[in-house]
Each structure stands twice: as structure tokens, then as C-alpha cells.
2 protein chains.
Amino acid sequence: EDLSNKLREEFKENVIKDAVQESLISPNVRADDKPDFRIVGQVFDTYWIIEYKNSMYIIDQHAAHEKVNYEKYLKQFKENGVDKQYLNPPVVISLNGQAEAVVNEYKDNLDKFGYEIENFGDKEYIIRSVPYNLLNLDYADVLQEFIGKLDSNMGSLTNDTINDRIATMSCKAAIKGNMAISEREANELVSTLLTLDDPFNCPHGRPTMIEISKKDMERKFKRIV
Amino acid sequence: EDLSNKLREEFKENVIKDAVQESLISPNVRADDKPDFRIVGQVFDTYWIIEYKNSMYIIDQHAAHEKVNYEKYLKQFKENGVDKQYLNPPVVISLNGQAEAVVNEYKDNLDKFGYEIENFGDKEYIIRSVPYNLLNLDYADVLQEFIGKLDSNMGSLTNDTINDRIATMSCKAAIKGNMAISEREANELVSTLLTLDDPFNCPHGRPTMIEISKKDMERKFKRIV
């Protein structure tokens, strides 16, 4: 327990510092494919106004980031598994019987979700990696919550369970409303969002953006009927 | 006619140059009374997005300027008459019989509207002043149109006629959509608009701005129900 606490402290000092200095959104749009939009500004520290192809869009930074994370994590999960962020030093946690059973049963699946976990003797487990880009969250808490939602008697994961877990991860990894992000970061986020197949809804069904076309605007202001 | 053309040319060269270098919106808001809003940016070269008192507003720069002009001109008209902009050199125009009758009948009223007009021999009239801040319009054309709407048999002006003439002047003097204005000018325009008693509608009944409150936004994005 002392070792665990010590590791936890070191982790907080070192890894969190690294994590927050990283880009919030890993740029996965090639420069030539960058959609031709213009950032107008931000409202209520949460919504970004952009102009794109004769429309104005109001974008919720949290819902947008959640959606971008979701598509990214889901794609990775289906290919080689979610990208891992190795913790240095790793984090040690204690698991109760139920959680331990889940970890042992789903070890390979947890690995695909980005969690590399190993028994460390007794009920202590060592977390070597977490899903990439989880920001500066308390990884141990996130993992506990992640495991808590899995049923130890299920055998294999259903698509619904996978989608649900990916959605939760995506939400947790997403910037929140009222969280300051730079215009450069907003630019990357919007670029990535606009290149998705269905950019309009986040995995929990909330809208990521609202469109007001130039024509809509002209109608609202009675410039045209 | 030669003199008239010569004066017209000089007028175009000198007066228009002066006029465009002036501020679009005469600042009539004292610094302490300036409403505490923030300009977010401009969309479609026409609409300004601002954040003010927990709401986002989309403001049509033309309708807003028309409204601001209307209130300003109407106030001036009711007090000492619309502020005049003296033309140097003055503009000479030829009036037909009907227009001449109107000018003679409404001389004092035209003066209150900012037009100082004098007979220059025969059917030639000299325009010494026009309403202040008419921008770089062709003043002779504007006056002709102004006179054309007045009925020479009316005797005195009704309130409706005055309001209608002021509204037309305000519209003509207003910046248009797609006309580039600086953020400083937008700032002055919005400041003035927000201090009016009823800032939401322009004299022709079109909206000057559309409000989306923070709560509305949260509802649209299903952050709250």
C-alpha cells in the first residue's frame, strides 16, 4: 500500500505533467484534406463559431471532442487495439474479488482497450498502460469505473458493450465545456470533426454542431422571404 | 450645365474623399455607458456575433446601422433638424416643374432634413448641405429621390411622411451587407445599438439582431433539458 501510494504520487508528478503538455487532439487530418473552414470565435467558453461552405456552424467543444475520440478509439479497437500510453512509473491498484475476476477474464480485451494490466502479487495489480490521450485523469479511478461496468459472467464482449465502453472512454477523454483550449487546438478539433462520415451527433446522441446556412440567416433577418 | 458638371466633378473628387474617411458611426455613447459586450467575430461579411450578458447575439450590420441612423436622425429632426454636412464645393442640380414646386413648398422642412437648397437661376438649384453621414452616395440622386416621394399638394408633413423619409434616409446612409467594416466600427455600431430603447427591430420592421441565450444554447445541445 505504501509502495502503491508512492508510485501514485510519482505518477501524478511526472505523467500528468507530460499528458497536459500534449496536444488535446492528435492531428489525423492530412494538410491537403483539411476542410476549408474559418474559425470566427468562441462563445460562453464552450461553443466555437465557424464559417464553412456557405454555412455558419456552432460547435460544442465537448460533444465534438467526444465524437472525434469515439471514432478514433473505435477504429483503433477494431484494428490493432486502442493506442496505449505507457505510464512511467506505472500505477499500482488494489482490486476486490469481483474486479479481479473481471480483469482476469477480460485481460485480452482490456489490452485491446489500451489497458495493459499485470498481477503484482496478492490483489495488487499494476497498470502499465492506459488508452492514449486520456488527458490528466486519475487513471486508477477511470480503470476501476471501467471494470465496474463489465459483467464477470459474460464470457465475450458484445458489440453494444464495446460501443458503450468506447463511448464512455471518449467522453472521459474529451475536453469539457468551459475548459480553455487554444484556437490552434479548436482548429485541429474542427478539422477532424468535419472529415468524419457523420459529424453531427456524438455517441450519446447529443448534437456536436448546429448549422445555420447563409440562406437560413437571410430568412431570419428577412433579407429574403 | 457646364458649370453644374464641373461642380459635380469637383464634388466627387473632394467631398466623397472626405466622407469615406470619416467614421461610419458617430460615437454617441459615453465611455462609462458602453455596454459590456465582446465581439466574437463576423460571419458572411454581414453578421456580427457578440456575447453580452449571458447571451449570444447575431447582428445584421445593415439593419443595425439603419436602426441607429433612424433613431439619431429622428431625434435630430425633432430637436434642431438633422445635422448638416456642408458640401464644398456645393452640388448644382436641375429640377423639373413638379420637383421645383416641392422644393419651394417644403424648403423649411427640407432644411430640417439636412438639405439646404437655394435657387441658382432658372431651374438650377444649388445643394449646400445634405444630411450628415450619408456616406459616399450621389447626393443629387438621393435628393431627387427624396423630393420625388413628397407630394406637392400636401401642405404640411404628416408624422408618417416624416418617419418614412427618415427611414429611407437611414437605410440609404447605412452600411450594406458584404461591405467591409473594421472591428472598431462594429464595436461603435453595437455599442450604440445596445443603448437604444428598442434595439431589436429596424424601422422597416426587419430584425436587427437575434438572441440565443446561454440556456437556449444548452438546450439545443442537450446539455440541459
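Me: Which range of relative accessible area makes a residue partly exposed, rather than buried or exposed?

Reply: A residue is buried under 20% relative accessible area and exposed over 50%, and partly exposed in between. In this predicted model, A:Gly205 has a relative accessible area of 37%, so this residue is partly exposed. A:Gly205 belongs to the loop between helix 7 (183-194) and strand 7 (209-213) of chain A.

Me: How many residues separate A:Gly205 from A:Ala63 in sequence, and what is their separation in space?

Reply: In sequence, A:Gly205 and A:Ala63 are 142 residues apart, while their C-alpha atoms are 9.5 Å apart in space.

Me: What relates two copies of a chain, and what is found for chain A and chain B?

Reply: Two copies of a chain are related by a rotation about an axis and a shift along it. Here, chain A is superposed on chain B by a rotation of 180° with 0.0 Å of shift along the axis, and the RMSD is 0.0 Å. The two copies are therefore related as by a two-fold rotation axis. The same surface serves both copies, since 100% of the contact residues of chain A recur in chain B.

Me: Which residue of chain A comes closest to the rotation axis?

Reply: That residue is A:Gly41, whose C-alpha comes to 2.9 Å from the rotation axis.

Me: How is the size of an interface given, and what area do chain A and chain B bury between them?

Reply: The size of an interface is often given as the accessible area lost when the parts come together. Chain A and chain B bury about 2,700 Å² between them, and 69% of this area is on carbon and sulfur atoms. A:Phe44, A:Phe221 and A:Arg223 supply 30% of the area that chain A buries against chain B, more than any other three residues. Counted by contacts, 33 residues of chain A meet 33 residues of chain B.

Me: Where is B:Gln42 found, and which residues is it in contact with?

Reply: B:Gln42 is found in strand 1 (residues 37-43) of chain B. Its relative accessibility is 17%, so B:Gln42 counts as buried. Leaving aside neighbours within four places in sequence, B:Gln42 is in contact with residues of both chains, among them A:Arg38, A:Val40 and A:Glu51, as well as B:Tyr47 and B:Trp48. The side chain of B:Gln42 also makes a polar contact with the side chain of B:Gln61, at 3.1 Å. In addition, the side chain of B:Gln42 reaches the backbone oxygen of B:Asp45 at 3.2 Å.

Me: Is B:His62 buried or exposed?

Reply: B:His62 has a relative accessible area of 6% and is therefore buried. This residue lies in helix 2 (residues 61-78) of chain B. Not counting residues up to four places away in sequence, B:His62 touches A:Arg223 and several residues of chain B, including B:Cys171, B:Ile175 and B:Arg206.

Me: What is the order of the strands in the open sheet of chain A, and which are the edge strands?

Reply: The open sheet has three strands in the order 4-6-5, with antiparallel pairing. An edge strand pairs on one side only, and here the edge strands are strand 4 and strand 5 of chain A. From one strand to the next, the twist averages 20°. Seven of the eight residues of strand 6 (residues 124-131) of chain A are buried, so this strand is largely enclosed by the rest of the structure.

Me: How many bridges join strand 6 of chain A to strand 4 and to strand 5?

Reply: Seven bridges join strand 4 (residues 84-94) to strand 6, and four bridges join strand 5 (residues 116-119) to strand 6. In the pairing with strand 4, A:Val92 stands opposite A:Ile126, and A:Tyr86 has A:Ser129 as its bridge partner. On the side of strand 5, A:Glu116 stands opposite A:Ser129. Strand 5 and strand 6 of chain A form a hairpin with four residues between them, and A:Gly121 in the turn has a positive phi of about 100°.

Me: Which residues that are not glycine have a positive phi, and where is a cis peptide bond found?

Reply: Most residues other than glycine have a negative phi, and most peptide bonds are trans. A:Lys222, in the segment after helix 8 (214-220) of chain A, has a positive phi of about 55°. B:Lys53 has a positive phi of about 45° and lies in the loop between strand 2 (47-52) and strand 3 (55-60) of chain B. At 66% relative accessibility, B:Lys53 counts as exposed. A cis peptide bond joins A:Asn88 and A:Pro89, and another joins B:Asn88 and B:Pro89; in chain A, A:Pro89 belongs to strand 4.

Note on methods:
Residues are numbered from 1 along each chain as its sequence is written. Chains are lettered from A and ligands numbered from 1 in the order in which they are written. This is a predicted model: local features need pLDDT of at least 70, side-chain atom pairs count only at pLDDT 80 or more; totals for chains, interfaces and linings use all residues. Side-chain values use heavy atoms; hydrogens and water are left out. Copies are superposed by least squares on the C-alpha atoms of residues with pLDDT of at least 70 in both. Contact means heavy atoms within 4.5 Å. Buried means under 20% relative accessible area, exposed over 50%, partly exposed in between (1.4 Å probe, protein chains only). Helices (H or I, at least four residues) and strands (E, at least two) are DSSP runs, numbered from the N terminus. Two strands pair if DSSP finds at least two bridges between them. A polar contact is a pair of N or O atoms within 3.5 Å; within protein, one must be able to donate a hydrogen and the other to accept it, and residues adjacent in sequence count only if both atoms are side-chain atoms. Axes are lines fitted to C-alpha atoms, for helices over the stretch in contact, and angles run from 0 to 180 degrees between N-to-C directions. Buried area is the accessible area (1.4 Å probe) that two parts lose on being put together, summed over both.
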